[in-house]
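I am opening a notebook on a structure that is new to me. The entries below record what I looked up, in the order I took it.

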Amino acid sequence: MLSSRTKHLLHCALLLTVIVLFEIFSGGVKVGDAAGHDFDPWLRYGALGCTLLYLLRFLAFLPLPQTLANLAGLTLYNAFPDRVVLHGSPLLAPFICIRIVTRGDYPQLVRANVERNLEKCNAAGLENYYIEVVTDKAIGLPSHNRVRETVVPPHYRTKSGALYKARALQYCLEEGVNMLSDSDWIVHLDEETLLTENSVRGILNFVISGRHHFGQGLITYANEEVVNWVTTLADSFRVADDMGKLRLQFSMFHKPLLSWKGSYVVTQLGAEKAVSFDNGLDGSVAEDCFFAMRAYKEGFSFDFVEGEMWEKSPFSLWDFVQQRKRWLQGILLVVHSPTIPWRNKLLLGISCYSWVTMPLSTSNIVLAAICPIPCPPLMDFACAFIGAVNIYMYVFGVVKSFSLYRFGLVRFTLCILGALCTVPVNIIIENVAVIWGLFGKKHKFYIVNKELKPLLQV
């Protein structure tokens with residue numbers, strides 16, 4: 001079996017190979033007698049047409065900061081770390097509340113996952129903890145000394161009018177509801193998120209060190225049964241995103257420069273209360289992003305948590321589009337919020353608008369063929385570089401998510417090819433989500449289906 005370091009070096013070599021080949025075959029780097037366009041675009045297309053073509057080409061550079069962050073994160077840190085080793089005794093760890101927020105639409109899923117997460121906590125040696133399910137509808141969890149069910153009253157209103165998940169999270173912080181002290185820790189999970197022993201050990205190491213107020217780690221989507229192969233392979237990009245920009249920004253800068261996710265979030269209660277989830281309607285659609293930006297503004301520090309957790313990708317393309325649409329709308333609300341200074345959300349804003357302008361930048365694929373324009377060599381190189389890194393992220397996500405020993409070489413190779421084949425599908429879906437998100441109803445929180453129906457036994 002290859003060592004962790006060897007896997008990482010092979011991954012770096014493959015990444016470099018993909019970049020070089022993509023640069024050569026896409027024309028980002030001219031080889032041999034290959035020549036660029038030597039005509040005058042102002043004469044061929046006119047002033048207006050030429051200006052529009054160059055503006056569209058420049059839009060392709062908006063993802064550059066995020067691409068560089070992903071490249072640095074994937075290469076500077078070991079992308080295939082060994083099993084997490086505890087740095088201290090679980091008996092000495094501070095108290096941990098594992099908090100699961102749900103609307104209560106899938107009680108069987110919640111009950112099953114609570115049971116599984118209890119088993120993982122006990123197997124990892126966690127001692128000072130309980131699991132709390134925060135729900136809008138009573139689930140009726142079995143009585144257990146390590147499980148607490150908190151039902152958010154229908155009449156509860158926050159001071160700012162926060163809704164959805166933000167409202168439920170804020171209710172837990174209210175006087176008389178909260179049972180934790182400011183030095184205790186909370187692990188925030190979605191209702192479908194599953195712990196692993198590695199993630200529990202990573203959380204223990206994070207809270208025992210106590211050097212940072214907030215933390216987050218890797219989530220993968222291809223474990224156990226794969227419900228929808230298209231959405232799961234498309235989500236392989238998110239896996240690379242976690243190991244790239246997320247890991248870089250937390251491990252090197254200890255700031256959420258490009259935000260974070262809403263699950264596998266580790267917070268110290270005192271810091272969480274200081275930031276709060278009571279951020280009005282603008283902070284209710286992407287409450288995780290708004291929270292991160294507020295915490296950044298207030299000067300709290302972040303770190304990357306070792307160990308991965310498991311989730312499942314949306315079961316249908318409809319849910320996949322709806323999920324992306326909500327993320328886009330929520331992040332746009334954060335970027336445009338006057339309560340977050342631009343110095344804290346500048347990189348997030350650039351990243352967000354690289355997403356918002358995706359339908360325009362995607363048009364370059366067609367326009368480059370039918371309306372070519374001469375560009376400086378550095379511009380061609382940068383465009384090809386962005387494309388190469390983003391395509392490689394699908395490959396890396398598959399390698400990180402699917403086990404070669406579990407699937408075998410043939411199926412593992414097919415998964416990589418399948419991920420590459422989903423790139424055009426994902427681009428179409430993301431474009432639909434952008435257009436729908438920009439012109440559709442705002443401040444809406446769509447809940448994707450997360451519960452597999454059991455097979456009927458005859």
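Entry 1. The model is a predicted one, and I began with His-254. At 23% relative accessibility, His-254 counts as partly exposed, because that class lies between the buried limit of 20% and the exposed limit of 50%. I placed His-254 in the loop between α8 (236-253) and β6 (265-268). I then read the backbone: phi of His-254 is near 55°, a positive value in a residue other than glycine. I noted this down because most residues other than glycine have a negative phi.

Entry 2. I looked up Glu-224, where phi is also positive, near 60°, and the residue is again not glycine. Glu-224 sits in the loop that runs between β5 (214-220) and α7 (229-234). Its relative accessibility is 36%, so Glu-224 too counts as partly exposed.

Entry 3. Next I asked whether Asn-344 is buried or exposed. Asn-344 is buried, with a relative accessible area of 6%, and the cut-off for that class is under 20%. The residue belongs to helix α12, which covers residues 342-356. Which residues is Asn-344 in contact with, leaving aside its neighbours within four places in sequence? I found Met-293, Tyr-296 and Lys-297.

Entry 4. I turned to the surface and looked up a nonpolar patch of about 860 Å². I listed its residues as Leu-16, Val-20, Leu-21, Ile-24, Phe-25, Val-29, Val-31, Leu-378 and Phe-381. Which helices each supply at least two residues of the patch? They are α1 (4-26) and α15 (377-401). The largest share, 5 residues, comes from α1.

Entry 5. From that patch I picked out Leu-378, which is found in helix α15. Leu-378 has a relative accessible area of 66% and is exposed, because the limit for that class is over 50%.

Entry 6. I went back to α1 to see how it packs with helix α3 (residues 64-76). The two axes come within 9 Å and cross at roughly 145°. On the α1 side the contact is made by His-8, His-11, Cys-12, Leu-15 and Ile-19. On the α3 side I noted Leu-71, Leu-74 and Thr-75. By class, this contact of α1 with α3 has 5 nonpolar residues, 3 polar ones and no charged ones.

Entry 7. For later reference, I have α1 down twice: in the nonpolar patch and in the contact with α3.

Methods:
Residues are numbered from 1 along each chain as its sequence is written. This is a predicted model: local features need pLDDT of at least 70, side-chain atom pairs count only at pLDDT 80 or more; totals for chains, interfaces and linings use all residues. Side-chain values use heavy atoms; hydrogens and water are left out. Patches are made of residues with over 30% relative accessible area and no salt bridge: like charges are joined within 9 Å, nonpolar side chains (Val, Leu, Ile, Met, Phe, Trp, Tyr) within 5 Å. Accessible areas come from the Shrake-Rupley method with a 1.4 Å probe; for residues, only the protein chains shown count as cover. A salt bridge is a side-chain nitrogen of Lys or Arg within 4 Å of a carboxyl oxygen of Asp or Glu. Helices (H or I, at least four residues) and strands (E, at least two) are DSSP runs, numbered from the N terminus. Buried means under 20% relative accessible area, exposed over 50%, partly exposed in between (1.4 Å probe, protein chains only). Axes are lines fitted to C-alpha atoms, for helices over the stretch in contact, and angles run from 0 to 180 degrees between N-to-C directions. Contact means heavy atoms within 4.5 Å. Ala, Val, Leu, Ile, Met, Phe, Trp, Tyr, Cys and Pro count as nonpolar, Asp, Glu, Lys and Arg as charged, and the others, Gly among them, as polar.
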